Amino acid sequence: MARTAEFSINGLSVVAELKKVDRKKIYGWSSIEVYDENKSKCKIAGLADGRYILPSGSTSLVTLSTKGEVVSKSELVGLDPSGKPVDKVPSVYDRTVMLREATVDEYLSLSVKSVYQLNIEEKKEDLLKELNAGKIFYFVFNYREDYEGDDAFLLSSGNEIFAITGMLSEPEFVGLQDNEQELVVQAAEVTEEDDLDFAMF
Amino acid sequence: MIRYIKLANANKRDAEITFKSLNPKSAVTMGFASGEQVVNKRVIKSTSSESTQSLLSVYDEKPTEGVDFQMQLAGRLAEDLIHSDPEIDLELTGKFIDEVSRVYINEDQKPVFRINKVEKIFSPTAELKEERAPKYNESNISGENIVSWTGKLMPKVKVYNKLVFAKKYQLKHVNGLTYDFLFEMAKELADKDALMMLAGGASGKEPLVMNDGGKPYRAFLEGRIKGDKYCLMLHLTDQELKPLPTE
């Protein structure tokens, strides 16, 4: 079996394999190929100073200190906004992931980066029962140990359990004192599912 | 830069308002343990003149009998790499660069000025389904275009686990009238605890394209209220939350 992560909440503990859900594997994908007049395949490259052609892989990033000296990545640590070092967040594979219950609004503030499908061999039904009741669980996700983890939520859809990872956005409430009551909008609640095209080619 | 979107409500009253991306930024930066910051700079490692292909092309050798010609050239290059460093241009390697233009190059690594583009569509199982001229999506959220409420109101508790909301934008008013316009929208959506599906285009059913040349997304509007303040979030999705197909 592939690597597994252990999730725990309220005495319930499940072990799961996380399988990335790639949009390409659901809808397919499109790619653009470029050819010259002789039907020879072309690649994108950089052009620096108007004369140097930089094929893919021709540049790299270097890190410099304030004195202009090149710094090795191994010399660096993660810093919070006040400049204080932060502890590393372990990988989800190296610890028991403690879940906490979250709200729908909290989940809807997530800018999604990745979706994982959980393959669970034991006690899947127990966790599914909680999630199918509308519960959403929050945790901090890191594939590898790093200075910052992603925000992540466990939820169910049908008989499958998913981990949705990303970063929580911080929408602001905006106001204006001089307000008028102008529009009353009526919209019918629609619950039936329409056939929407999500491939959108 | 302020970006505008023209939004209509269920009564087809429209207003031009602003929006901004809600892509969160990382709170952690890399630096020294002392708190000293560092900067990242892009440098040139090599150019097309130092690529393996270019370096091999300078040899004017004849094939040796019994030796693979490619291996013969590679061996010659390997010797030169060790002894004379032709892969390094001492004037350029390590040079900082800030702005780089994009060009297409051919297999000889020369710039190409006349190109043909072909878009290939693949199935989930990687089979080529179609070849066509690339489809260019023009933005359909402002100018002549109006983003409309579709009337499809989806309770949050029913939609949150059906779709993957990858991108988020916050909508904001530009004056008192549009404040009322948006506050009412947010209030109605908050009261109903539901998201409203939005759509664009002439048919009023098309997915939204936020930028010229961008991808189309299905869009849903969420409203939240706190006192006399509102929060309107536009959620974009191009994916249903469903498992991988079984092989």
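These legends describe close-up views of a predicted model.

**View 1. A hairpin links strand 1 and strand 2 of chain A.** Strand 1 covers residues 5–9, and strand 2 covers residues 12–20. The two strands pair in the antiparallel sense, over 5 bridges. Find A:Ser8 in this pairing: A:Ser13 of strand 2 stands opposite. Between the two strands lie 2 residues. The turn includes A:Asn10, whose phi is positive, at about 45 degrees.

**View 2. Strand 2 of chain A also pairs with strand 11 of chain A.** Strand 11 spans residues 110–120. Again the strands run antiparallel, with 5 bridges joining them. Here A:Lys19 faces its opposite residue, A:Gln117 in strand 11. Side chains in a regular strand alternate between the two faces of the sheet.

**View 3. Chain A meets chain B.** On chain A, 94 residues are in contact with chain B, where 104 residues take part. Strand 4 of chain A, residues 41–48, gives the most to chain A's side, with 8 residues. That side of chain A holds 50 nonpolar, 24 polar and 20 charged residues.

**View 4. Bridges join a strand of chain A to a strand of chain B.** Strand 8 of chain A (residues 77–79) and strand 3 of chain B (residues 29–31) run antiparallel. They are joined by 3 bridges. One pair to look for is A:Leu79 with its bridge partner, B:Thr29.

**View 5. Chain B is assigned domain 1 and domain 2.** Domain 1 takes in residues 3–25 + 137–240. Domain 2 takes in residues 48–97. Their C-alpha centres lie 56 Å apart.

Key:
Residues numbered from 1 in each chain as written. Chains lettered and ligands numbered in written order. Predicted model: local features only at pLDDT ≥ 70, side-chain atom pairs only at ≥ 80, totals over all residues. Pairing = 2+ DSSP bridges. Helix = DSSP H or I, 4+ residues; strand = E, 2+ residues; numbered from the N terminus. Domains from an automatic or database assignment. Contact = placed C-beta atoms within 7 Å. Nonpolar A, V, L, I, M, F, W, Y, C, P; charged D, E, K, R; others polar.
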